[in-house]
Amino acid sequence: MIRLVASALMLIAAMLPARGATEAVEITSPGGITAWLVEEHAIPVVSLAISFAGGATLDPADRAGLASMMAALLSEGAGERDAVAFAEAAEALAARFSFSAGRDSVQLSASFLRENLGPALALLHDALVRPRFDPAAIERVRAQIISGIRADATDPDAIARRRFAELVFAGDPYARPVDGTEASVAAITRDDLLAAHRRLLVPGRARIAIVGDIGAEEAGRMLDGLLAGLAAEGPPLPGPAAMSLTGGVTVVGFDTPQSVVVFAQPGVARDDPDFFPAFVLNHILGGGGFSSRLTAEVREKRGLTYGVYSYLAGLRRADLWMGGVASANQRVAEAIAVIRAEWARAAREGVTAEELEAARTYLTGAWPLQFDSSAAIARLLVALQEDGRGIDYLTSRNRLIEAVTLEDVNRVARSRLDPARLRFVVVGRPVGLDPEE
Amino acid sequence: MTTLRAAVAAAWLGASLPAAAGIPVSHFVLDNGLELVVIEDHRAPVVTHMVWYRVGAADEPPGKSGIAHFLEHLMFKGTDEIPEGAFSRIIAANGGEDNAFTSRDQTAYFQRIAADRLEMVMRMEADRMRDLVLTEAVVAPERDVILEERNTRVENDPAALFDEQRQAAQFLNHPYGIPIIGWRHEIAALSRADALDFYRRYYAPNNAIVIVVGDVDPARVRRLAERHYGPLAPSADLPPRQRPQEPPQTAPRRLVFADARVRQPYVLRSYLAPERNPGQQRRAAALVLLARLLGGSDLTSVLGRALQVDSRIALGAGAFYDASSLDPSTFSIWVVPAPGVSLAEAEAAMDRAIAGFIANGPDPAHLERVRTQVRAAEIFALDNQMSLARRYGMALTSGLTLADVEEWPRLLQEVGAEEIVAAAREVLDLRRSVTGWLTSESEGEAAQ
């Protein structure tokens with residue numbers, strides 16, 4: 001039993017920049033596709049990650065869940081193979097593919113054995129470029145997605161995330177669940193899927209990383225072959241999301257012993273001059289695992305929760321300073337009061353020089369630890385590209401963190417932390433909480 | 001294609017099998033009984049340091065369920081040298097990450113950190129192996145944390161509540177029937193004295209295995225271990241690991257777990273199953289392959305093909321088997337019915353698919369694909385320090401030896417179709433099974 005909720009760590013991992021020690025280079029294929037490459041020949045494995053910008057945000061209003069369903073169907077039959085034949089071919093090559101859609105992108109993560117690279121890429125090319133969308137596969141996957149939507153309807157974490165999105169992004173595509181609703185998924189047709197495939201898988205909008213037992217020249221040729229045949233252009237991507245984030249508590253009544261809480265205030269953009277001070281500040285406040293202030297006050301001193309965390313969430317079209325906690329119904333009001341008090345104390349008093357020094361040492365020293373497998377490195381390099389970082393960032397990142405001063409952090413704490421605008425969405429039967437909508 | 005694959009397998013596995021796919025593995029035992037495994041991975045200047053204790057939830061005294069896991073949390077509180085609450089802070093201030101987990105047969109603590117900090121984390125782990133300091137002031141809030149952890153993992157999740165009931169029904173006598181996190185009423189009564197009794201008895205060098213994976217020199221690791229772990233006194237009253245064993249199980253058990261929060265019902269059946277034992281791993285290897293053949297994938301496994309693709313009775317189906325276990329474990333099969341299909345119909349279809357497999361045996365091409373994936377998993381595992389460390393730690397705390405770990409990949413390639421069918425015939429016996437239905441309240445009432 002891991003002591004800390006793993007998802008909290010994964011959420012912050014995506015925003016940590018790369019270590020200086022990794023030798024990543026930018027390559028451009030003969031066909032003009034650019035990618036970041038890390039050569040690592042010690043193990044005969046090649047991993048690939050691709051993110052196509054767009055995602056569920058481009059779903060038509062009455063077809064929520066379309067991007068997600070399209071992504072799920074890419075490996076359910078392609079080219080000459082139906083779903084079963086495709087799965088058998090992938091198994092015979094021990095090739096691992098996974099496709100998924102998020103709010104802002106469609107993601108591919110793949111790992112291959114070096115010796116099977118050619119045939120595995122041919123199979124992946126079929127999935128990306130020639131998916132069949134066979135009616136039998138569509139109906140099977142549709143039923144699975146609807147089952148998941150029904151299960152989410154009574155999952156307190158899913159209820160909290162959904163209600164939060166509806167509240168903060170009312171009227172924006174971000175308000176819709178990525179997997180859609182029972183009604184919207186039931187309405188999706190094969191033509192919708194074909195259109196979404198053309199609209200979303202656009203090589204010009206792809207961020208790509210390759211890690212493993214492969215050289216630059218071969219990687220370039222590989223990318224040209226892999227993406228050949230995809231649509232050259234897609235529809236325009238929408239601008240910033242309209243956000244309405246007011247302070248207060250929203251209670252969603254649900255019969256469960258432990259209330260689940262999502263909270264947020266407005267965030268800090270990745271390209272904002274305040275971003276690095278805010279990043280270090282968040283580490284001290286609620287991002288630093290066992291050593292954060294929120295963990296010390298809510299968990300260690302008072303035993304109110306198993307996990308409490310905060311993070312700077314960088315959606316492509318909105319920035320939020322988010323967090324989460326879960327606490328028994330009769331204790332959750334106290335947990336929220338402590339979080340508010342810590343938020344206010346940090347805004348008022350800032351942090352100490354000792355806290356800043358510990359945060360800087362951790363954040364710069366722990367960087368290589370993020371690199372625990374080729375597939376993880378590839379996903380991380382893609383996330384950095386999505387954040388708009390250049391490849392020089394791999395070496396400059398630790399210097400940017402070292403450069404953050406106590407004055408920077410405390411200025412950002414005063415100007416950006418806003419306890420009055422913290423919105424808490426609570427799912428459960430909380431005792432002693434007034435639901436001020 | 002077949003011969004090519006065979007040749008590839010031989011190349012991957014190596015003739016002399018020094019370790020998984022030929023990576024350098026060293027093994028030492030110190031005079032005080034502490035065992036060390038060192039695996040070199042020089043790709044990055046990083047090290048993973050794990051201390052595994054041969055004690056888990058199944059070793060708890062009666063009435064004290066959850067004490068192994070509670071102690072695991074309390075191990076982060078402080079020692080005679082490390083101030084209260086400072087353990088993880090010191091690791092973090094050195095750019096490292098740490099955590100721990102408790103299982104039925106083992107408890108493990110780990111750090112991931114720059115390779116030049118290995119000596120520091122060894123000193124800290126050695127310190128808390130014998131010199132833990134616990135005050136009442138830290139014990140009480142941590143017990144509340146664990147009750148909240150139980151809320152998060154179990155009380156808020158009907159599938160987890162269902163699984164506790166099923167597991168309790170599976171084991172008539174063995175403590176594997178008790179949840180690792182503990183029953184709620186017993187957690188609430190755990191004390192500082194309970195934690196310290198458990199600690200003093202089980203946390204000692206003669207009950208520990210240190211696993212180091214990373215950018216290290218094995219000879220230097222040995223010197224550091226001798227310096228820091230070497231002086232620790234062994235436990236004098238370490239009991240033999242003999243838990244109450246199962247009597248013959250002679251009656252199929254059934255249960256219906258109803259909860260208003262359930263929106264997607266399913267049926268899950270577990271069977272009592274033999275585990276990997278030292279020098280005797282063939283049957284467990286056959287069961288690993290059986291689980292993959294029956295339920296290793298949605299579209300191509302026996303259950304997936306019959307229930308999801310051909311008859312469309314199910315939205316999902318699968319099988320899993322817990323091979324690394326000190327005492328006999330379980331082999332499980334589950335089916336999520338499609339809308340309009342009852343749990344009874346889903347269960348009947350599951351039984352038909354199993355009977356068909358036992359009658360016909362595996363499709364040779366399917367078995368070959370499964371073996372290919374198992375071989376590839378050996379290569380992919382080299383890519384992650386934690387997964388390598390876990391492989392050795394799990395095995396060595398489950399009563400296995402290094403030789404067993406090294407032999408295991410070969411057995412997975414060797415065990416034949418007849419052995420797999422024989423294992424299925426023997427293990428998939430209803431008299432040693434629990435069939436559970438997870439359902440919403442209304443349907444639960446209807447089923448009764």
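These are my notebook entries on a predicted model, taken one topic at a time.

**Domains of chain A**

I started with how chain A is divided. The domain assignment gives domain 1 (2–227) and domain 2 (248–428). I then looked up the spacing: taken over C-alpha atoms, the centres of domain 1 and domain 2 of chain A are 27 Å apart. I also checked what touches across the two. On the domain 1 side of chain A, 51 residues are in contact with 54 residues of domain 2.

**Nonpolar cores**

Next I went to the largest nonpolar core, which has 63 residues. Which of them touch the most other members? My list reads Val280(A), Ile339(A), Leu381(A), Leu417(A) and Phe424(A). This core takes at least three residues from domain 1 (2–227) of chain A and at least three from domain 2 (248–428). There is another core apart from it, with 60 residues, including Ala67(A), Ile188(A), Leu201(A) and Ala206(A).

I picked Ile339(A) for a closer look. Leaving out residues up to four places away in sequence, Ile339(A) touches Phe263(A), Leu294(A), Val298(A), Val308(A), Val325(A) and Phe424(A). Phe424(A) was already on my list of residues that touch the most other core members.

**Helix 4 against helix 9, chain A**

I looked up how these two helices of chain A pack. Their axes are 8 Å apart, at an angle of about 35°; helix 9 covers residues 216–227. From helix 4 of chain A, the residues in the contact are Leu117(A), Leu121(A), Leu124(A), His125(A), Leu128(A) and Val129(A). They meet Glu218(A), Met222(A), Gly225(A), Leu226(A) and Leu227(A) of helix 9. By class I have 8 nonpolar, 2 polar and 1 charged in this contact.

**Helix 10 against helix 16, chain B**

Over in chain B, I took helix 10 (residues 282–295) and helix 16 (residues 417–427). Their axes come within 9 Å and cross at roughly 90°. An angle of 65 to 115 degrees counts as roughly perpendicular, so that is what I call helix 10 of chain B relative to helix 16 of chain B. Helix 10 of chain B brings Arg282(B), Arg283(B), Ala286(B), Leu287(B), Leu289(B), Leu290(B) and Leu293(B) to the contact. Helix 16 of chain B brings Glu419(B), Ile420(B), Ala423(B), Ala424(B), Glu426(B) and Val427(B). The class split for this contact is 9 nonpolar, no polar and 4 charged residues.

**Two positive phi values in chain A**

Most residues other than glycine have a negative phi, so I noted the exceptions I came across. Ala94(A) has a positive phi, near 50°. It sits in the loop between helix 3 (83–92) and strand 4 (96–101) of chain A. Phe133(A) also has a positive phi, about 50°, and is not a glycine. I found Phe133(A) in the loop between helix 4 (117–129) and helix 5 (135–152) of chain A.

Are these two buried or exposed? Buried means under 20% relative accessible area, so Ala94(A) at 4% counts as buried. Phe133(A) is buried as well, at 1%.

**Phe380(B), touching chain A**

Last, I looked up Phe380(B), which is in helix 13 (residues 364–381) of chain B. Phe380(B) is buried, at 10% relative accessible area. What is it in contact with, neighbours within four places in sequence aside? I wrote down Val45(A), Ala94(A), Arg96(A), Ser111(A), Phe112(A) and Leu113(A). Ala94(A) is the buried loop residue from the entry above. I also noted Ser26(B), 354 residues from Phe380(B) along the chain; their C-alpha atoms are 21 Å apart.

Methods. Residues numbered from 1 in each chain as written. Chains lettered and ligands numbered in written order. Predicted model: local features only at pLDDT ≥ 70, side-chain atom pairs only at ≥ 80, totals over all residues. Heavy atoms only, no water. Axes fitted to C-alpha atoms, helices over the stretch in contact; angles between N-to-C directions. Helix = DSSP H or I, 4+ residues; strand = E, 2+ residues; numbered from the N terminus. Parallel < 35°, antiparallel > 145°, perpendicular 65-115°, else oblique. Contact = heavy atoms within 4.5 Å. Nonpolar A, V, L, I, M, F, W, Y, C, P; charged D, E, K, R; others polar. Core = buried A, V, L, I, M, F, W, Y, C linked by side-chain atoms within 4.5 Å. Buried < 20%, exposed > 50% of the residue type's maximum accessible area, 1.4 Å probe, protein only. Domains from an automatic or database assignment.
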